[in-house]
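Me: I have a structure open and would like to talk through some of its local features with you. Shall we start with the aromatic side chains?

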Amino acid sequence: MKPFDNQTVVVIGGSSGIGAAVASNAAERGARVYSVGRRVETSETHDGVRHESADVTDDASLRQLFERIGALDHLVITAGPSVSAKLLADSDLLQAQQAFDVKFWGTLRAIQAALPYLSERGSITLTSGLLSRKFVAGQFIKTTLNAALESLAKQLAKELAPRRVNVISPGVTDTDAYAGMDESQRNAMFVRTSAALPVGRVGKPQDLAAAFMLVMENGFISGSIIDVDGGGLL
C-alpha cells in the first residue's frame, strides 16, 4: 500500500514549479491527482496526473471544476501572481488589488467551492512565503498578502475542523516564477541568496513538495506554518 492509495489530491497551480512537484509526488504515492491551471488543456493525463482548467478569479469556473472532480481528500493551492518589488510611493494600487484577487480571494473562492466535496478528515494546504515575516522595502504587497494567508489558515483550521488547514512558506526557490528575469541576473541573484543562507543554496521544487507531502500525510498537523526557506528567516 502507498500512503495516498484511494485518495484524491487537487493541486491548484499544479502546472509548473512547486505545484507541479507536489502533483508528481502525490501521484507517485498512489493518489488520484488533478493538476489545475488557468492555461491548460482540460482532461489531459500525463504521468498519472490529470490536468484540468479553472480560473481562481471566477466563481463559476471553480464550481464547475469541483463538480467535475467530485469527492476529494486533499486540496493544495500554490497558485499566485507575479509581483514586482516597488515602494508604496511608486506603486499602482490597482495591481496590488489584482494580486490579492488572485492569491487571497482566489484561495477563499477555491476553498469555498471545494468544501461540499472535501472529506471530513481531509486537508487544505496553502502557500505563503518568507516575506510574510521578513520585512523588505518595496515588498509590501507580498508581505501583507502572505501574512493574510497565514492568518486565514489558522482561522480556518479552527472553523473547518476536523479538516486540517496548514501553510507551507517557501524561501527563494528556483522555479519558473523567475523566468521573466534575464538568465545572468537570475543566476547572480541565486548565487547571492545562496551565500546568505545557512544551507548554502536556494530551494528546489522537490524541497517544497516534501513539506506538502508531510502535512497531507500527518493527521496531527493543523494550523501550522511550515517554513521551508533554508534558514532565510534566521
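Reply: Happy to! Phe100, Phe104 and Trp105 form one aromatic cluster. This is a predicted model, where local features need pLDDT of at least 70 and side-chain atom pairs count only at pLDDT 80 or more, while totals for chains, interfaces and linings use all residues. Residues are numbered from 1 along each chain as its sequence is written, and side-chain values use heavy atoms, with hydrogens and water left out.

Me: Which aromatic pair is edge-to-face?

Reply: Rings of Phe, Tyr and Trp (its six-membered ring) pair if their centres lie within 6.5 Å; planes under 30 degrees apart count as stacked, over 60 as edge-to-face and the rest as tilted. The whole structure holds two aromatic pairs. Phe100 and Phe104 are tilted, at 6.4 Å centre to centre with 55° between the planes. With 5.2 Å centre to centre and 85° between the planes, the edge-to-face pair is Phe104 and Trp105.

Me: Is Phe104 buried or exposed?

Reply: Buried means under 20% relative accessible area, exposed over 50%, and partly exposed in between (1.4 Å probe, protein chains only). Trp105 is partly exposed at 46%, and Phe100 is partly exposed at 21%. Phe104 has a relative accessible area of 14%, so Phe104 is buried.

Me: Which helix gives the most to the largest nonpolar core?

Reply: A nonpolar core is a set of buried Ala, Val, Leu, Ile, Met, Phe, Trp, Tyr and Cys residues joined through side-chain atoms within 4.5 Å. The largest one has 34 residues, and Val10, Ile12, Phe66, Leu75 and Leu126 have the most contacts inside it. Helices (H or I, at least four residues) and strands (E, at least two) are DSSP runs, numbered from the N terminus. With seven residues, the helix giving the most to this core is H5 (residues 140-159).

Me: Where is the cis peptide bond that involves Pro162?

Reply: Most peptide bonds are trans. Pro162 sits in the loop between H5 and strand S7 (164-170). With omega at about 15°, the cis bond joins Ala161 and Pro162.

Me: What is the phi of Asn6?

Reply: Most residues other than glycine have a negative phi. Asn6 lies in the segment before strand S1 (8-12), and at 62% relative accessibility Asn6 counts as exposed. Although Asn6 is not a glycine, its phi is positive, at about 65°.
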